[in-house]
Each structure stands twice: as C-alpha cells, then as structure tokens.
Amino acid sequence: MGDKTYLEWPFFDARHAVLERELDAWAAQHIAQQHEADVDAACRHLVRQLGDGGWLKHAIAGAAYGAMGEGIDTRAICLIRETLARHNGLADFAFAMQGLGSGAISLHGTAAQREAYLPRVARGDAIAAFALSEPQAGSDVAAMQCAAVRDGDHYVLNGEKTWISNGGIADFYVVFARTGEQPGARGISAFIVDAGTPGFAIAERIQVIAPHPLARLAFSDCRIPAAQRIGEAGQGFKVAMSTLDVFRTSVAAAALGFARRALDEALAHATQRKMFGQALSDFQMTQAKLAQMATGIDAAALLTYRAAWQRDQGRNVTREAAMAKMTATETAQQVIDAALQMFGGLGVVSEQPVERLYREIRALRIYEGATEVQQLIIARELLRAANTKEQ
C-alpha cells in the first residue's frame, strides 16, 4: 500500500522496516476490511488475533512478562498503529487499548502486578482499559471527583468514569481516583480494578460515530485491595501523564495510517474515474489537491517519528508529542475529507473505505488530549523554556 520510502528515514532502525513489512503482510491476510455488526465480539476477536500473532508483545514492557523488550519501543508501536489503521480502524483500536490500558502497569507497576496482568495482555487473554475521564473532568484532570478512601488494607472507591474505551468488555481497568494527599492533581492515585469486583458496574454503553466498545463506569463502595494501587499514593497524575506521553505519539501514527489509506484510495479513484472525456486525475484541481494531501502526510509523519525517535532516546517529548498529535490528526481529517470529496456521492455510501475513514478519524482529534489542549501544552513548554533561558 502506497509509498513506504519513509521507512528509510534516519529515525528508524532496520528492524523497524522489517516489523512494518511483516505486520502489513499479516494484516492483509488476517484483518477484515469491513466493520462487524457485533463490535464487542469483533474487538475481542481482534485482541485474540493480535495476541496469537505476537504483535501485543510490543504493547507492554518487560521481557520476563512476555514483552518484546525491557521498555516500550515507541517507534515500533507507532509503526504498528499506523499499519493497522491503514487496514482496519478497530484493529488499531484493539492494539492501542492493550497498550494504553496496561501502560501504567508496565511503567509503574510492582513485580506482582506486572506478573499478574502483563503476560495475559501480551497473549490477548485479558483486555485492558484506561479509566481517567469523568463527566466533568475530561481535559481538566484536576477536576476529578471519583474518590478512593483508605480503609485498612483496602480503598473504598466511589464515583463515575465516562468515555472509557473497552468499557464493558475489559477484564481489568486502570482507574484514577482522588485520594486527597494534596489539592488538585497532586492528590490522585491509580488502581487496578478487575471486572466483576463488587461495587463496580457498567452504568451505560455509549454509541459513537465509529463503533467501538465505550462505556460509563460506576463505583459504589467498591473495595479495592491496597496492593492494587499503582505507584505511590498521590502520584496518580504522574502515572497517568507518563502513560499518555508514551501513547500520545502513537495516536498521531494511527492518524497517519488513516490518512495514507485515504490518499491511496484517492489516487486509485482519480486515475480510474472518467469525467468529460478524461481521467479525474488529469484535472489540475485534482492534482493540486493530491499534492496538498501528500505534503501534509509527509509533514505529519516527520513530526510523528521525530517524537517517537526522541522518546526512544530517553528524552522528554511533551512538546514534540503534542505537536505530532495535533498536526497528524488535523492533517488526516483534511486529507480524508478531500478524498471523500473526490469520490462524490460514492464517498458517503455506508462502509465505503473513505466513508469509514471519515468516521474513524474524527475522534482522534479529541481523545488523549483534544487539539486545543495540545496547543496549550505546546505554548506552555515554549514559555517555560523561554522563562528558563531568561533566568
């Protein structure tokens, strides 16, 4: 599919190109193109397929727990997400949530927690979920109201979470709750909550524009063993942000996958569609649009893989990841919209590839930090650097 010369960029090692080629061939053989009617079942099946194929080993850290390496290779997870997104948006979702949902355990979990959960995630035996957002606390994490009160060897959890991906099908949830050590974001802790724990319920299943498992969670006097806390008490915000820092760049990569698929579809259609005695691709307006699409994709890819490479060097990527996520998701929206326009009426027919892409891209501009939040992050980092230089 498409031009893959970007794999020769200096951001990548030889193993990354091999990974992409092997996954692309595997996905072409194993991943269906269309959306399934039963999204829950389809997502469970995809997690199992990805586990059996060995791809989920890249989503966790620690060779002793079934991971590909001791740390998470950001470039690898980005290439995996980009490749899966080109084939099927739900396959990308299934992979991403195994990583994000278990990421806090990979990064901050105890040896016992890692042993209990990560091997099952890597095999596809357990589905993970990341529960941070609330009805009144999405981008503003400090406004979190879900609370956990210490009671001996347990915490008692009360409150709600919403917009939780894999909600309703996950085997365990990494839940963030206010424990009150300090005001605001500094008084939050992270917990592993197994599905079926008394006091935990799926309050509502949420239907969205591109179908995937999503739910509102409710906790009512839900008792969680203190041993299920991830990291130190009051350090949950740091746990959440460090997890998001790993996977935010991969959101940009998924957007790249959607955009590359849209460009492939647009090129194929433009060269085959006849209008007024010539191909659609013969019109200068079409050529100009294709040029804009390709240039936008390359610009977004450069930002995305710069951020991934930089994180793999052990450097801070808060600003770079925000730039990549913002640029790639906004660019992909524009590319997909342009592709759909080239298809005309066919572009809005349900389950056509560009129609699916049009629905799938929209949420990426919101989740894991909306575009507007990324702008604030970038500006904050710029101003912090400027102020440090002045001092």
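How many residues in the lining of the second largest cavity are nonpolar, polar and charged? Four are nonpolar, one is polar and one is charged. Keep in mind on this tour that the model is predicted.

**Stop one: the second largest cavity**

Select His35, Glu36, Val39, Ala42, Leu90 and Pro211, and you will have the lining of this cavity on screen. The space they enclose has a volume of about 30 Å³. A search of the whole structure finds two cavities of 30 Å³ or more, so let's visit the other one next.

**Stop two: the largest cavity**

Keep His35 selected, as this residue also belongs to the lining of the largest cavity. Add Gln33, then the run Ala85, Arg86, His87, Asn88 and Gly89, and then Arg261. Finish with Pro353, Arg356, Leu357 and Glu360. The volume here is about 80 Å³. Now colour helix 3 (74-87) and helix 9 (353-362): each supplies at least two residues of this lining. Helix 9 gives the most, with four residues. Colouring by class should show three nonpolar, five polar and four charged residues.

**Stop three: the largest pocket**

Move on to the largest pocket, which holds about 1,400 Å³ of space. Start by selecting Ser133, Ile366, Tyr367, Glu368 and Gly369, the closest to its centre of the 47 lining residues. Then show helix 4 (89-108), strand 3 (154-165), helix 6 (236-272) and helix 10 (371-390), the elements that give two or more residues to the lining of this pocket. Colour by class once more: the pocket lining has 29 nonpolar, nine polar and nine charged residues.

Conventions:
Residues are numbered from 1 along each chain as its sequence is written. This is a predicted model: local features need pLDDT of at least 70, side-chain atom pairs count only at pLDDT 80 or more; totals for chains, interfaces and linings use all residues. Side-chain values use heavy atoms; hydrogens and water are left out. On a 1 Å grid over the protein atoms alone, a cavity is a set of points where a 1.4 Å probe fits but cannot get out, and a pocket is an open set with protein on both sides within 12 Å along at least five of seven lines; lining residues have an atom within 4 Å of a point. Grid points are joined across faces, edges and corners, and a volume is the space filled by probe spheres set on the points. Ala, Val, Leu, Ile, Met, Phe, Trp, Tyr, Cys and Pro count as nonpolar, Asp, Glu, Lys and Arg as charged, and the others, Gly among them, as polar.
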